[in-house]
There are 2 protein chains.
Amino acid sequence: MMRLRYLTSAIAQQIDKDLMSPSGGFSIDQLMELAGLSCAEAVFRSYPPTASANKVLVACGPGNQGGDGLVAARHLFHFGYTPTVWYPKRKDAPLFNGLVQQLQNLSVRFIDDEALESTVNSETSVVLDAIFGFSFHGEPREPFRRALEVLIRAQKERNVPIVSVDIPSSWNVDEGQNTSDIAKQFNPNVLVSLTAPKMGVAHFQGEKHWLGGRFVDPVMDAKYDLKLPRYPGTSQVVDITGAQPTEA
Amino acid sequence: MMRLRYLTSAIAQQIDKDLMSPSGGFSIDQLMELAGLSCAEAVFRSYPPTASANKVLVACGPGNQGGDGLVAARHLFHFGYTPTVWYPKRKDAPLFNGLVQQLQNLSVRFIDDEALESTVNSETSVVLDAIFGFSFHGEPREPFRRALEVLIRAQKERNVPIVSVDIPSSWNVDEGQNTSDIAKQFNPNVLVSLTAPKMGVAHFQGEKHWLGGRFVDPVMDAKYDLKLPRYPGTSQVVDITGAQPTEA
């Protein structure tokens, strides 16, 4: 069985800080680009586009994970999908505005809250959940809570699969699924962990678990005892389905 | 036969400017990340790493193409190569300093001018030429001229293959290989054109020609009449070996 380190929210935030510190040398633009590319590749490998099923609904939250989703939407377009983006709480910063602009140049459709349910139910082949990331805690607020209910219903009633980024939205990053009613009902089919899996997904039961974020150096891997697996070829994701946390 | 638009230096610079303008929405960090990733993937597909041949010498010039090379070196490390970087004229800017820092964190070796020839001749499986890009004109200055002579000799005498980025270094971006003595002698085995090929490589005779930079939107494709081919799967490069320029 593959064992790797599952991170607490605090450690995940520390690693992110390390990567973007002068001693890490990364800019947020670079990390977000590679994170979003990993997410797009995970969608491609899980649900490759076909003539009749190439519509991805990308649900973007208000923070950095929403940015990962915007990057992923761009790559998904180039991979042959027709992405639609729901991004209700936009972050007004040059990086995020630029990512939105790039998608507008691809004629990617942005939908509002009212259109979400009908879009998910009538013309969505797969959902990319980039709503909440490793900084999330507490209960999801509107309009995100209602969106999660829409996704749960579409998955149950219409088999619309959900690919979640890093932590299924509404799950507690440290404690997982049993901390709220909505989290208990939200069971993504596929998970893309970025950098390393988070403690909260130790009991993830979906079909597929990918690891992405192919940019961690061996010194950081050792410092945080991540025990990262080898990625194959030029892939930005590696299959870690069935992985378990190392003993703490 | 595949035909696509080959760009003049002036048009290539205009497209770059468009991409990074507010209406394009890209940051240089994003474009350089994707360009460098394309270059690394082209090296991988041309000369996949083996236990006995996994050493890449990445030669980085003073401008943005040097940055593409630094990004490529990082990805090559993650793809299983042992990159060594020659980067004699460093650009002192946060982006470039960060890229160097990332490589230092991977324990990638940086060599000076004195070590270049022995490194190329004794322990290099493939060279990535990221010296001059689409803004280059005139004659290569030292230490780059001498470096090109080293590469030419190693290729001739020891079959060390050369992968050039965008335009083989020393070739004229508009007019190609016949404008200087050193350019006439410099014949890379593989070329990675970024965004679209440049006029100067219309008569490129190497074994393989890749196109990279999977980020151009259809409106820009139409505006500049690029006639870009489809990229396969999630690849950041597409094989355009044998492509010819469209009639002007």
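The following exchange introduces a predicted model through questions and answers.

Colleague: What should be known about numbering and about the limits of the model?
Modeller: This is a predicted model, in which local features need pLDDT of at least 70 and side-chain atom pairs count only at pLDDT 80 or more, while totals for chains, interfaces and linings use all residues. Residues are numbered from 1 along each chain as its sequence is written, chains are lettered from A and ligands numbered from 1 in the order in which they are written, and side-chain values use heavy atoms, with hydrogens and water left out.

Colleague: How many residues does each chain bring to the contact between chain B and chain A?
Modeller: Contact here means heavy atoms within 4.5 Å. By that rule, chain A gives 35 residues and chain B gives 35 residues.

Colleague: What area is buried between chain B and chain A?
Modeller: The size of an interface is often given as the accessible area lost when the parts come together. Buried area is taken with a 1.4 Å probe and summed over both parts. Carbon and sulfur atoms give 58% of the area buried between chain B and chain A, which comes to about 2800 Å².

Colleague: Which residues in chain B lose the most area to chain A?
Modeller: Three residues of chain B together account for 20% of what that side buries. They are B:Gln30, B:His78 and B:Thr234.

Colleague: Which helix gives the largest share of the side of chain B that touches chain A?
Modeller: Helices are DSSP runs of H or I with at least four residues, strands are runs of E with at least two, and both are numbered from the N terminus. On the side of chain B that touches chain A, at least two residues each come from α2 (28-46), α3 (64-78), α4 (94-105) and α8 (218-223). The largest share, 8 residues, comes from α2(B).

Colleague: How many salt bridges are counted between chain B and chain A?
Modeller: A salt bridge requires a side-chain nitrogen of Lys or Arg within 4 Å of a carboxyl oxygen of Asp or Glu. Over all chains this rule gives 20 salt bridges. Between chain B and chain A, however, the count is 0.

Colleague: Which residue meets A:Lys223 in a salt bridge, and is that partner buried or exposed?
Modeller: The N to O distance in this salt bridge is 2.9 Å, and the partner of A:Lys223 is A:Asp18. The pair links distant parts of the chain, 205 residues apart, with A:Lys223 in helix α8 (residues 218-223) and A:Asp18 in helix α1 (residues 9-20) of chain A. Buried means under 20% relative accessible area, exposed over 50% and partly exposed in between, with a 1.4 Å probe and protein chains only. A:Lys223 counts as exposed because its relative accessibility is 56%, whereas A:Asp18, at 12%, is buried.

Colleague: Which residues are linked with A:Glu139 in a network of salt bridges?
Modeller: A:Glu139 forms a salt bridge with A:Arg145, the closest N and O atoms being 3.4 Å apart. A:Glu139 is partly exposed at 46%, and A:Arg145 is likewise partly exposed at 24%. The residues linked with A:Glu139 in the network are A:Arg145 and A:Glu149.

Colleague: What does A:Ser180 touch, not counting residues up to four places away in sequence?
Modeller: A:Ser180 lies in the loop between β6 (162-165) and α7 (181-185) of chain A. A:Ser180 counts as buried because its relative accessibility is 5%. With residues up to four places away in sequence left out, A:Ser180 touches A:Glu139 and A:Ser170.

How values were computed:
Buried area is the accessible area (1.4 Å probe) that two parts lose on being put together, summed over both.
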